[in-house]
Each structure stands twice: as C-alpha cells, then as structure tokens.
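Here is a short tour for anyone who likes to see how chains and DNA strands meet. Have a look at the sequence and the model first, and then read on.

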Number of protein chains: 2
Amino acid sequence: MRRDIFQAIADPTRRAIIVLIAVQAMTPNAIAEHFDTTRQAVSKHLKVLTECELVQPQQQGREIYYKLQIDKMKEIDHWLEQFRKIWESRFDQLDNLLETLKKQQQ
Amino acid sequence: MRRDIFQAIADPTRRAIIVLIAVQAMTPNAIAEHFDTTRQAVSKHLKVLTECELVQPQQQGREIYYKLQIDKMKEIDHWLEQFRKIWESRFDQLDNLLETLKKQQQ
DNA sequence: TATATACGCAACCAATCGGTTTCGCAAGTA
DNA sequence: TACTTGCGAAACCGATTGGTTGCGTATATA
C-alpha cells in the first residue's frame, strides 16, 4: 500500500488538518467543525496521517487527541534539499549546460 | 480537476522524473529508459507535471525536451515554512501548551 | 441503570489514477 | 516518395481514493 508522507499531503483537506493540529492537538469532532465535512471523513484522513506517522493519537477518556509529529515534516524538507541547492546557487550553470546540450544536438 | 504541485509529487515515479530532469532536460523516451516503464506512461506523468507548471516542454525537431521549472518547487518550500518555524524554535513552547490543555481537561 | 457522546471499523459508491494498447500526425531518413 | 522515429491523444481497464451510511463499543452522564 502506498502510504508515504508525499501521498499524505497530496490531499488539500489533509493539508488543512495538518496546519490546524500543528497549533494544538485536536479530536476528530473538533477538526470536522473547522471544515465543511463529516467526522467520519476526517477520521479517514486521520487514519492515513497516522499510518504514515505524521500524526499521533492520544487517548484521553472517550476522546482521542491527534497530535502532529512535526519531525516527520522534515522528510519533505530533506527531499527538497536537492532542489534548494539548484535554485539557490546553480541555476545559471544549469542554464549553460542546457544551452550546450542544445547546440550539440543541432 | 485537482492539479496542484502537491498532487504532482505524490507519485513516486513522478518524483523520480523530477529528480532526473532537474539535472538536464530530457525527452519522454530518454526518461522512460531510466525506469521500468513505457514511454506512454512517462508521457502521462509529464502531462500532469506540465499542467501544474512544474515542467515545461521544449520542442526541438521531432523531439520534445521536458525541462524542470525549478522555481515551482519553491511553492512546497513556502508551504513548509510555517512548520519550519515550529520545529526550529517553538517546539518546547508547543509541548508546554499541550501539557497545559491536557491538565485543564482533567 | 438508561441515555448520550466520541469514536473506529466495515461496507458501499462514484470518481480518479496509473498503466496499456492503439491510433494518427509530424519530422527526419533511405 | 516510402519508411522509420518521436510523440500526444483517446479508449479502455483494474486498483485506489475520498466520501457516506450504518453499525458496534467504550466512556461519560442523568
């Protein structure tokens, strides 16, 4: 089953949930109140987020607080690192390379 | 139609294509040779990437070179910014907040 | 103890996804 | 002019997705 962080953040509702619980842990019902959706739909999103360890459930009586595992977000940051290198310093060299290749093929 | 950058990078093959053409622009056939897939499948991925402007086609004779629009990657970086703030400086304050809320509910 | 609340889980559904096959077109090449 | 090559587009297919509905269960409350 494809259950990684990139697939998790692909859905806009899921991204909104992440932003919401980044501030403070929340229950499925509390989260659902913030969107135009049902508790069950939110629960499904939380399941996806939990499965890829982006979120952690914390039982408290009959309520379950879902907390964002902020460290997991670093995985995206880490993947972006390779591109950051390009856009921060090598963008002109890259353009030169592309021009060179273009001329070679002509 | 859901066609944003987050959906674009959700697919592992698409992420691999992005990494590949970050180094230099490539044709669909050349890209397909790097993976265990067909030219048509790659073409479909390139279509998704083009539609969300992560990639730009450059016709050259009968070949089409697909070039990564590196600037578009900054959108992900920008979205991450809000979380970077948390994991870089506010993580202990956040934990304190959560503890406080927990105690209030007990 | 009866009732209400908070939740996960399973079944179901329409829409979308990733992939294949087939086609047609344009650009090179013999 | 024929033939080959590189490509996009469309039709099709099984798998997955996001959502709903209807349970069952555990916790809190009257």
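Let us begin with DNA strand C. There are 24 residues around this strand, and those that come nearest are A:Thr27, A:Asn29, B:Asp11, B:Gly61 and B:Arg62. Chain A contributes two or more residues from each of α3 (28-33), α4 and β2 (63-68) to the surface near DNA strand C, and chain B does so from α4. With five residues, α4(B) gives the most to this surface. Please keep in mind throughout that this is a predicted model.

Now turn to the other strand. Around DNA strand D there are 25 residues, of which A:Asp11, A:Gly61, A:Arg62, B:Thr27 and B:Asn29 come nearest. Here the elements that give two or more residues are α4 (39-51) of chain A and, from chain B, α3 (28-33), α4 and β2 (63-68). Which element gives the most to the surface near DNA strand D? That is α4(A), with five residues.

The two chains also touch each other. In this contact, 27 residues of chain B meet 28 residues of chain A. On the chain B side, α1 (5-8), α2 and α5 (74-105) each supply at least two residues. The largest share of that side comes from α5(B), which provides 14 residues.

The table sets out the residue classes for these surfaces.

| Surface | Nonpolar | Polar | Charged |
|---|---|---|---|
| Near DNA strand C | seven residues | 10 residues | seven residues |
| Near DNA strand D | seven residues | 11 residues | seven residues |
| Side of chain B that touches chain A | 17 residues | five residues | five residues |

Finally, here is a helix pair within chain B. How do α2 and α4 of chain B cross? The axes of helix α2 (residues 12-23) and helix α4 (residues 39-51) of chain B come within 10 Å and cross at roughly 75°. Because of that angle, α2(B) is roughly perpendicular to α4(B). On the α2(B) side, the contact is made by B:Thr13, B:Arg14 and B:Ile17, while α4(B) brings B:Val42, B:His45, B:Val48 and B:Leu49. Sorted by class, the contact of α2(B) with α4(B) has four nonpolar residues, two polar ones and one charged one.

Two of these helices come up in more than one place. Helix α4(B) takes part in the crossing with α2(B) and gives the most to the surface near DNA strand C. Helix α2 of chain B, in turn, supplies at least two residues of the side that touches chain A.

Methods:
Residues numbered from 1 in each chain as written. Chains lettered and ligands numbered in written order. Predicted model: local features only at pLDDT ≥ 70, side-chain atom pairs only at ≥ 80, totals over all residues. Axes fitted to C-alpha atoms, helices over the stretch in contact; angles between N-to-C directions. Helix = DSSP H or I, 4+ residues; strand = E, 2+ residues; numbered from the N terminus. Parallel < 35°, antiparallel > 145°, perpendicular 65-115°, else oblique. Contact = placed C-beta atoms within 7 Å. Nonpolar A, V, L, I, M, F, W, Y, C, P; charged D, E, K, R; others polar. Near = placed C-beta within 6 Å.
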